[in-house]
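Q: Before a model is put to use, its rings and its empty spaces deserve a careful reading. Could the two be taken in turn?

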Amino acid sequence: MAIKPAPARLVIVFGDQLNHDAALLHLLGSRDTVLMMEVAQESRHVPSHAQRTALFLSAMRHFADELIKRKHAVRYINLDDPKNTGSFETEIARAVAALKPSEIVCVQPGEWRVLEMLQRVASSKGIALTVLPDDHFLTTPAEFATWAKDRSALTMEFFYREQRRKLGYLMEGSGKSAKPVGGEWNFDKENRLPFGKGGPSPRPRAPITFKPDKITLAVLAAMKSVLPELPGKSQSFAWPVTRKQALAALDDFITHRLAKFGPFEDAMWTSEPILYHSALSSSLNLKLINPKECCEQAIAAYNAGKAPLQSVEAFIRQLIGWREFMRGVYWLEGATYANRNGLDQRGELPNFYWSGDTDMACMKACVGEVLDTGYGHHIQRLMVTGNFALISGVHPRAVSDWYLGMFVDGVDWVTLPNALGMVMHADRRPGAAKGVTGLVGTKPYAASGKYIQRMSNYCAGCRYDPGERAGEKACPVTVFYWDFLIRTRKQLAGNQRMAMIYKNVDRMTPQVMTQVTVDAGLLRKKLGIDGASTKG
Ligand code: SF4
């Protein structure tokens with residue numbers, strides 16, 4: 001009797017799934033074909049920074065080469081292939097027609113939109129679809145849902161503590177009596193230091209960079225002909241595009257920057273975009289490296305006396321706490337999470353988010369660095385570009401789209417809860433209890449120019465004065481801050497964490513309040529934000 005051949009499967013690997021050790025790769029059989037696609041639509045559905053697109057495509061090409069070396073069959077669609085149909089959906093349909101697979105298999109994508117597309121294609125072709133869990137992460141969506149069940153508020157800190165217990169990172173003792181090393185779960189109070197007047201001293205060592213190789217240069221050439229319109233500059237491209245490079249970047253961070261990461265993680269300084277940050281988020285989000293190896297190397301540095309606890313704990317919290325928490329929220333809340341607009345803000349994103357052309361020194365520096373490199377560190381994202389969008393009344397979807405496309409590490413599962421939830425405080429669940437104004441944040445991260453003055457040197461070189469909210473030198477950040485508090489008062493009034501802040505608003509005379517409202521309205525008009533909500 002003839003033996004029936006094993007079914008041939010179409011195994012899709014997306015650009016943010018370049019995990020060299022994924023269980024999926026160990027399951028590949030000799031009749032399976034891996035499909036990898038470079039499609040223009042993925043750089044256009046939100047405008048994608050040239051370096052973000054180049055990074056994804058170059059890393060994909062390197063990964064495909066690895067698979068071919070491992071003797072796997074790969075159907076790779078180049079961006080500038082004349083037969084390229086331009087979208088995942090049409091390319092999968094073309095592959096199904098050509099290869100006639102019995103099944104489509106892939107790891108859970110990083111975006112609801114892509115998951116729904118896969119389901120649509122499989123159903124229209126009458127073909128089975130198997131979606132495997134993503135073994136890069138430390139927590140499954142089901143585990144997160146169990147943790148979140150019956151909690152009215154999802155507090156990252158509590159999730160993080162459970163992660164520490166579960167993983168045993170920086171813990172002493174075992175079982176229920178396990179305690180955090182150093183007696184504290186976090187060292188935030190010691191970690192929010194600004195630099196002194198002279199700035200970071202000694203100057204942080206420049207991070208390791210990676211000159212574009214032949215593959216990256218070919219990608220950049222293809223982009224020039226197919227996607228010439230992309231925002232951002234590609235000239236300075238130096239991101240890790242292989243696992244080997246990503247591991248070198250991890251080692252560079254652990255050896256040269258981790259020790260000072262904690263104390264200065266919230267500080268900013270002109271022309272120092274990385275400071276002591278790891279800048280590993282793109283390598284992590286493309287899955288070139290995994291959170292476990294990053295944490296273990298940081299803990300090894302602590303055990304060897306090369307980095308203090310306050311820095312190592314802060315780094316680990318970002319990976320096992322914040323990053324996994326964001327992903328949990330993304331899958332828990334469903335595809336409609338993206339449409340939330342809890343503060344009813346409706347303004348346009350000002351043009352300077354695309355050009356850096358503004359006389360606000362803080363925005364010019366932070367947006368300029370994003371345009372130049374596709375990167376900004378977390379406080380620049382949250383407290384400069386994010387804070388401005390929040391307090392000036394920009395629509396949260398315009399903000400989350402900008403964050404998704406303009407950063408090299410932009411992937412929806414992390415960008416959306418970060419931008420829409422943390423930055424824009426827009427993710428209040430419909431029907432949430434009175435006083436609950438957001439989901440991932442208990443209160444908006446709104447700040448005046450005074451915060452930026454304290455945490456950076458931007459204001460020293462600015463034509464505005466962060467302490468002024470009226471007149472020639474009035475700082476737009478400060479004007480919008482007070483206007484934000486005034487116009488969102490009804491929405492935020494029941495939030496206990498805002499009570500102290502509103503006491504300051506109560507000290508304003510009606511005339512001053514009116515002046516702030518009028519000035520903010522004029523500013524919004526001037527910056528093209530118009531249409532910002534006046535509700536509340
Ligand atoms: Fe930004 Fe205002 Fe400081 Fe200028 S004065 S850098 S606009 S915060």
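The dialogue below treats the aromatic pairs, the charges over rings, and then the cavities and pockets.

A: The model is predicted. The discussion starts with the rings.

Q: How many aromatic pairs does the count come to?

A: The count comes to 26 aromatic pairs. One of them joins Phe 388 and Phe 480, an edge-to-face pair with 5.5 Å from centre to centre and 85 degrees between the planes.

Q: Which parts of the chain does the pair of Phe 388 and Phe 480 link?

A: Distant parts of the chain are linked: Phe 388 belongs to helix 17 (residues 378-392) and Phe 480 to helix 21 (residues 476-487), with the two positions 92 residues apart. Phe 388 and Phe 480 are both buried.

Q: Why is the pair of Trp 402 and Phe 407 edge-to-face?

A: Planes over 60 degrees apart count as edge-to-face. The planes of Trp 402 and Phe 407 stand at 90 degrees, with ring centres 5.6 Å apart, so this pair is edge-to-face. Trp 402 and Phe 407 are both buried.

Q: Which residues do ring pairs link into a cluster?

A: The cluster consists of Phe 352, Tyr 353, Phe 388, Trp 402, Tyr 403, Phe 407 and Phe 480. Both pairs described above thus have their rings in this cluster.

Q: Which charged residues lie over the face of a ring?

A: Arg 52 lies over the face of Phe 56, at 5.4 Å from the ring centre. Arg 469 is placed over the face of Trp 482, at 5.0 Å from the ring centre.

Q: How is empty space found, and how many cavities of 30 Å³ or more are there?

A: A probe the size of a water molecule, rolled over the atoms, shows where space is left empty. In the whole structure, the search finds six cavities of 30 Å³ or more. The largest cavity holds about 380 Å³ of space.

Q: What lines the largest cavity?

A: Its lining has 25 residues, and those nearest the centre are Gly 15, Glu 42, Arg 52, Phe 56 and Phe 88. Arg 52 and Phe 56, met above as a charge over a ring, are thus among the residues nearest the centre. Helix 2 (41-44), helix 3 (50-69) and helix 5 (112-125) each supply at least two lining residues, and helix 3 gives the largest share, five residues. By class, the lining has 11 nonpolar, seven polar and seven charged residues.

Q: What is the volume of the second largest pocket, and which residues are closest to its centre?

A: The second largest pocket has a volume of about 400 Å³. It is lined by 23 residues, with Pro 207, Ile 208, Thr 209, Trp 239 and Ile 274 closest to the centre. This lining has 14 nonpolar, five polar and four charged residues.

Conventions
Residues are numbered from 1 along each chain as its sequence is written. This is a predicted model: local features need pLDDT of at least 70, side-chain atom pairs count only at pLDDT 80 or more; totals for chains, interfaces and linings use all residues. Side-chain values use heavy atoms; hydrogens and water are left out. Rings of Phe, Tyr and Trp (its six-membered ring) pair if their centres lie within 6.5 Å; planes under 30 degrees apart count as stacked, over 60 as edge-to-face and the rest as tilted. Helices (H or I, at least four residues) and strands (E, at least two) are DSSP runs, numbered from the N terminus. Buried means under 20% relative accessible area, exposed over 50%, partly exposed in between (1.4 Å probe, protein chains only). A charge sits over a ring if NZ of Lys or CZ of Arg is within 6 Å of the ring centre and within 35 degrees of the ring normal. On a 1 Å grid over the protein atoms alone, a cavity is a set of points where a 1.4 Å probe fits but cannot get out, and a pocket is an open set with protein on both sides within 12 Å along at least five of seven lines; lining residues have an atom within 4 Å of a point. Grid points are joined across faces, edges and corners, and a volume is the space filled by probe spheres set on the points. Ala, Val, Leu, Ile, Met, Phe, Trp, Tyr, Cys and Pro count as nonpolar, Asp, Glu, Lys and Arg as charged, and the others, Gly among them, as polar.
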